[in-house]
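Work through these exercises with the model open. Try each task before reading its solution.

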Amino acid sequence: WAWDVTFQSHAGPQRLLEACCGSEHRFTGLETLHAAASQDAQVGVERMRAGTAEALGGVWKLVVDGRASRSVRTDASPEVCGSRVSSDQPASGGGLGAWSERVNVTRTRFDENGGATWSVTFLDWNKPDPLTGLLPAAPRQVELDVSGLRGTLAGAYANVVGGSWSARAVQGVEPASASGAVACAFQGGPTTQDFTLDASSPQAVQAALLSAGGNATGALLVTNGTTAAGAALWRVTFLDFAPPVPLLTCSGATVTELAAGNASQLGGNLSLAFRGRATKSLSPSAPAAEVQAALEELPSIGAGGVAVTDDSAYLKGGPSNGGAQWR
């Protein structure tokens, strides 16, 4: 008998198949090929034709919103890949942009042709551009530049998993005059120091709001802007606060909502477990007393075995996003 074995998906010349159970092997009764009398049954393997296809090689680039990363070799380690797709000049927005500075990369095992699947996770996917101060105007567009790949039918594709985009709430602070003093407060908190349109940079206004608001406001981004009538104003973007966001209270200025935002607040439920026993379901904004009572119901803790206090004031955005922090 003779068989022709054709490798349909393996690129290039392949190692010869190895045959067993020839006369050099001792018959054990487990082989399916043997000669009972002479024990000289043999299997011969020869190369009929060498494959000419080329395995995958070369380089690829990740392209997001038209900006390309540095080249990544197809055989690069996850660590090297991470260093190539992350921003090499975060302060100036080099590479894909400052939002790409922090990245985690994993990779599957290489297949028979040198191919693999990369998982690239950007930890600051929706971070504002440091040069323009603007947030993504829409979900980021992800592509691959495969012009540097080599190999027969070489190609690759990008699949975005997660990275959901949501619009932030934006408020406009329009001073009554360019030189008039403006001071703002958030949700009845401390009032900022005075600042003026003609003498205070957006960065100074941002620092003043953060200093006065603390964790109550969460992260903010302040940029220059104009009203529909062309009057100058500051655009205040709430980066951590899920809507509805209360308006800033400002003396010497008019505050309007420029964008409501569409992020959703935290919901659902959770359980806490200790030594293999879990509590009943708890709201993510449950009061500290409720959390303590649930923990004390566990046999592994018992009454008086734990004390829980509320630290929600230290959350970004405070408890207004539907969450809580317990100590």
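**Exercise 1.** In which segment does L17 lie? Then decide how open L17 is to the surface, and which patch holds it.

*Solution.* Keep in mind that this model is predicted.
- Step 1: L17 sits in the segment before β1, the strand that spans 57-64.
- Step 2: Its relative accessibility is 48%. Buried requires under 20%, and exposed requires over 50%. L17 therefore counts as partly exposed.
- Step 3: L17 belongs to a nonpolar patch on the surface, together with W3, V5, F7, L16, V43 and V45. The patch has about 690 Å² of accessible area.

**Exercise 2.** Describe the chain as a whole: how many helices and strands are there?

*Solution.*
- Step 1: Count the elements. There are three helices and 15 strands.
- Step 2: Turn to burial. Of the 327 residues, 32% are buried.
- Step 3: Look at the surface. The chain exposes about 19,600 Å², and carbon and sulfur atoms supply 51% of that area.
- Step 4: Check the contacts. Take those between residues at least 6 apart in sequence; 49% of them join residues at least 24 apart.

**Exercise 3.** Which residues of the largest nonpolar core touch the most other members? Trace the elements that supply this core.

*Solution.*
- Step 1: Start from the general tendency. In soluble globular proteins, nonpolar side chains tend to be buried together.
- Step 2: Find the core, which has 20 residues. V173, V182, L209, V236, F238, L248 and C250 touch the most other members.
- Step 3: Name the suppliers. At least two residues each come from β8 (169-175), α2 (202-213), β10 (220-226), β11 (232-238) and β13 (253-259).
- Step 4: Zoom in on F238. Beyond its neighbours within four places in sequence, F238 contacts R168, A169, Q171, F186, T217, A219, L220, V245 and L248.
- Step 5: Now find the other core. Lying apart, it has 15 residues, including V72, V85, W99 and L149.

**Exercise 4.** Which cysteines form a disulfide? Work out whether each partner is buried or exposed.

*Solution.*
- Step 1: Recall the bond type. A disulfide is a covalent bond between the sulfur atoms of two cysteines.
- Step 2: Apply the cut-off, sulfur atoms within 2.5 Å. The sulfur atoms of C184 and C250 are 2.0 Å apart, so this pair qualifies. The count is one disulfide.
- Step 3: Place the partners. C184 is in strand β9 (residues 183-185) and C250 in strand β12 (residues 249-251). They are 66 residues apart, and the pair links distant parts of the chain.
- Step 4: Read the geometry. The link is right-handed, with 110° about the S-S bond.
- Step 5: Judge burial. C184 has a relative accessible area of 2%, so C184 is buried. C250, at 14%, also counts as buried.

How values were computed:
Residues are numbered from 1 along each chain as its sequence is written. This is a predicted model: local features need pLDDT of at least 70, side-chain atom pairs count only at pLDDT 80 or more; totals for chains, interfaces and linings use all residues. Side-chain values use heavy atoms; hydrogens and water are left out. Helices (H or I, at least four residues) and strands (E, at least two) are DSSP runs, numbered from the N terminus. Buried means under 20% relative accessible area, exposed over 50%, partly exposed in between (1.4 Å probe, protein chains only). Contact means heavy atoms within 4.5 Å. Accessible areas come from the Shrake-Rupley method with a 1.4 Å probe; for residues, only the protein chains shown count as cover. A nonpolar core is a set of buried Ala, Val, Leu, Ile, Met, Phe, Trp, Tyr and Cys residues joined through side-chain atoms within 4.5 Å. Patches are made of residues with over 30% relative accessible area and no salt bridge: like charges are joined within 9 Å, nonpolar side chains (Val, Leu, Ile, Met, Phe, Trp, Tyr) within 5 Å. A salt bridge is a side-chain nitrogen of Lys or Arg within 4 Å of a carboxyl oxygen of Asp or Glu.
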